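Hi,

Here is the structure I promised to pass on. Please open it beside this note and follow along.

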Amino acid sequence: MPMREECKHFQSRTYASGEVARFCVLDLAPEAPWRCPANCPAYERRMADAGWAHGSLIEPAIEDEPEVPGPEAAHLLDEAEDIVNMVGPTLAAEVERERERRAATATSPWWRRWRRGR
């Protein structure tokens, strides 16, 4: 079954690069962005915009589905998600350290900042 864009758990984000992420917020669509499970237990029609017609400028085109069988694609996407989830805390810690370093630098007297820059 194609992604149910009318489901209240469906989200689509378009990034500045033009890349589009289409996914289930509950992570119940292992073959996202192409398919939802046929009998998804969490499917609920979004009521806020039920019955509205979206123009073609709002919805970007969906990428072509890879020529990998469904279960294999779901497994590959799960592995990619695991990699991203594994790297996330490390990147967050690096960003926090950089913020702390900048905050410490900004509160130090000008002569210490000047000496570091030399």
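A residue counts as buried when its relative accessible area is under 20%, and as exposed when that value is over 50%. Partly exposed covers what falls in between. With that cut-off, 18% of the 118 residues of the protein are buried. Keep in mind that this is a predicted model.

**Overall layout**

The protein has two helices and two strands. Starting at the N terminus, their order is β-β-α-α. Now look at the contacts between residues with a separation of 6 or more. Of these, 56% join residues 24 or more positions apart. The accessible surface of the protein is about 9500 Å². Carbon and sulfur atoms make up 57% of that surface.

**The largest pocket**

How much space lies in the largest pocket? The value is about 640 Å³. Two elements, β2 and α1, each give two or more residues to its lining. Strand β2 spans 20–24 and helix α1 spans 70–107. Which of the elements gives the most to the lining? That is β2, with five residues.

In total, 21 residues line this pocket. To find its centre on screen, pick R22, F23, A32, P33 and L77, the lining residues that lie nearest to it. By class, the lining holds 14 nonpolar and seven charged residues. Polar residues are absent from it.

**H9**

H9 sits in the segment before β1, the strand at 10–14. Is H9 buried or exposed? Its relative accessibility is 13%, under the 20% limit, so H9 counts as buried. What does H9 touch, leaving aside residues up to four places away in sequence? The list is F23, C24, V25, L26, A42 and E44. F23 turns up here as a contact of H9, and F23 is also one of the residues nearest the centre of the largest pocket.

**D27**

D27 lies in the loop between β2 and α1. Its backbone is worth a look: phi is positive, at about 60°, although D27 is not a glycine. How does D27 count in terms of accessibility? At 47%, D27 falls between the 20% and 50% limits, so it counts as partly exposed.

**Where to start**

I would begin with two views. First, show H9 with its contacts, including C24 and E44. Second, show the pocket lining around R22 and L77. D27 can follow, in the loop after β2.

Best wishes

Terms used: Residues numbered from 1 in each chain as written. Predicted model: local features only at pLDDT ≥ 70, side-chain atom pairs only at ≥ 80, totals over all residues. Heavy atoms only, no water. Helix = DSSP H or I, 4+ residues; strand = E, 2+ residues; numbered from the N terminus. Buried < 20%, exposed > 50% of the residue type's maximum accessible area, 1.4 Å probe, protein only. Contact = heavy atoms within 4.5 Å. Areas by Shrake-Rupley, 256 points an atom, 1.4 Å probe, with all protein chains shown as cover. 1 Å grid on protein atoms, 1.4 Å probe; cavity = no way out; pocket = protein on both sides within 12 Å on 5 of 7 lines; lining within 4 Å. Points joined across faces, edges and corners; volume = space filled by probe spheres on them. Nonpolar A, V, L, I, M, F, W, Y, C, P; charged D, E, K, R; others polar.
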